[in-house]
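Reader: I'd like to practise reading packing and pairing on a fresh model. Could you walk me through one?
Author: Sure, have a look at this one and ask away.

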Amino acid sequence: RLLPESEVDNWHTSILRAHDWLRSRGIAYVFTIPPDKHVIYPEQLPSTVRRAGTMLRADQVFASLKDEDFVVNPRPALEAAARRERIFDVTDSHWNERGAFVAYHAIIEAVRRQVPAVPPAHARSEFKETVEIADAGDLAGMIGLKRSLREERLLLEPLVPRQARVIEPSGSESGADVGRLVTEIPGSTLPRAVVFRDSFTSALVPFLSEHFSRVVYLWQDDFDANEVLAEHPDVVIQEIVGRHLYTFIPSPELVPER
């Protein structure tokens, strides 16, 4: 089912209101919707599952914002990448590091159009392709096979050690699924960022954190002006995966008028 026109308008209003409020304070804004796994790999769906139409809810939101260069639609680049290599885990609903790397490039490009002081995205040649056999992911867990299946994780190992460190929660990994995650690069004078995110940002954190002196990652779908005011960032990134457009309704009124 597609979004009613009134709900598309609500998304449009919410995103533009956040953008305008941030711009009035000299803060850059990037909004993105990662596609779900079945969108990139429709041929992997069983024959009993049929799409009702050719358009997705994410397509509707992107169409309403087609003239805004702060909006990132990573789907075309991901579809192209999927023809070269596997970019989602097999036993999980999320992209792997190689898929996240594609979206990371698009996000940093959009950030740099507004804040040139942010360094360019790293080239793929700066990473070594590795493979790790690990525990199965969320899809295996949904069918009770998490202990029976294993995942061949396709990783990207940086050839130069990463500079960013997780400072909150203490001792956590950069991909930790926690409500508030903070990374910093010691002694850095790079711009600061706040990221509103869901689970799809977990694989983005190691890449994005290298471009900012401090990043506060907040696990929430709604924009939060108070967090922005508390952190004084130069950049705000808002990521919400496509499937959340079926369960989440944004609240424009949460963004102050001034």
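Reader: Let's begin with α3. What covers the buried residues of α3?
Author: Keep in mind that this is a predicted model. The cover of those buried residues includes α1 (5-23), β1 (28-32), β2 (71-72) and α4 (75-82).

Reader: How many of the residues of α3 are buried?
Author: Helix α3 spans residues 57-64, and 6 of its 8 residues are buried, so "mostly covered" is a fair label, with buried meaning under 20% relative accessible area. The buried ones are R57, A58, D59, Q60, V61 and F62.

Reader: Now the helix pair. At what angle do α1 and α3 pack?
Author: The general idea: two packed helices are described by the angle between their axes and the distance between the axes. Here α1 and α3 pack at about 55°, with their axes 9 Å apart. That angle makes α1 oblique to α3. As for handedness, the crossing of α1 and α3 is right-handed.

Reader: Which residues of α1 meet α3?
Author: A general point helps first: an α-helix has 3.6 residues a turn, so residues three or four places apart point the same way. In this model, V8, W11, H12 and I15 are the α1 residues, and they meet Q60, V61 and S64 in α3. By character, the residues of that contact divide into 4 nonpolar, 3 polar and no charged.

Reader: And D20, is it buried or exposed?
Author: In between, actually. D20 sits in helix α1, and with a relative accessible area of 38% D20 is partly exposed. There's a long-range neighbour to look at too: D20 and E257 are 237 residues apart in sequence, but 9.1 Å apart in space, C-alpha to C-alpha.

Reader: On to the sheet. In what order do the strands come?
Author: Generally, strands of a sheet pair through backbone hydrogen bonds, either parallel or antiparallel. This open sheet has 7 strands, ordered β2-β1-β9-β7-β8-β6-β5, and the pairing is mixed. At the edges are β2 and β5 (165-168), each pairing on one side only.

Reader: In which sense do β1 and β9 pair?
Author: They're parallel, over 5 bridges, with β9 covering residues 235-239. To find the register, look for Y29, which stands opposite V236 in β9.

Reader: Which strands do α1 and α5 lie across?
Author: α1 lies across β1 and β9, running at about 155° to β1. Helix α5 (residues 97-114) lies across β1, β2 and β9, also at about 155° to β1.

Definitions and conventions:
Residues numbered from 1 in each chain as written. Predicted model: local features only at pLDDT ≥ 70, side-chain atom pairs only at ≥ 80, totals over all residues. Heavy atoms only, no water. Buried < 20%, exposed > 50% of the residue type's maximum accessible area, 1.4 Å probe, protein only. Helix = DSSP H or I, 4+ residues; strand = E, 2+ residues; numbered from the N terminus. Contact = heavy atoms within 4.5 Å. Pairing = 2+ DSSP bridges. Axes fitted to C-alpha atoms, helices over the stretch in contact; angles between N-to-C directions. Parallel < 35°, antiparallel > 145°, perpendicular 65-115°, else oblique. Left-handed = near helix turned anticlockwise from the far one by under 90°. Nonpolar A, V, L, I, M, F, W, Y, C, P; charged D, E, K, R; others polar.
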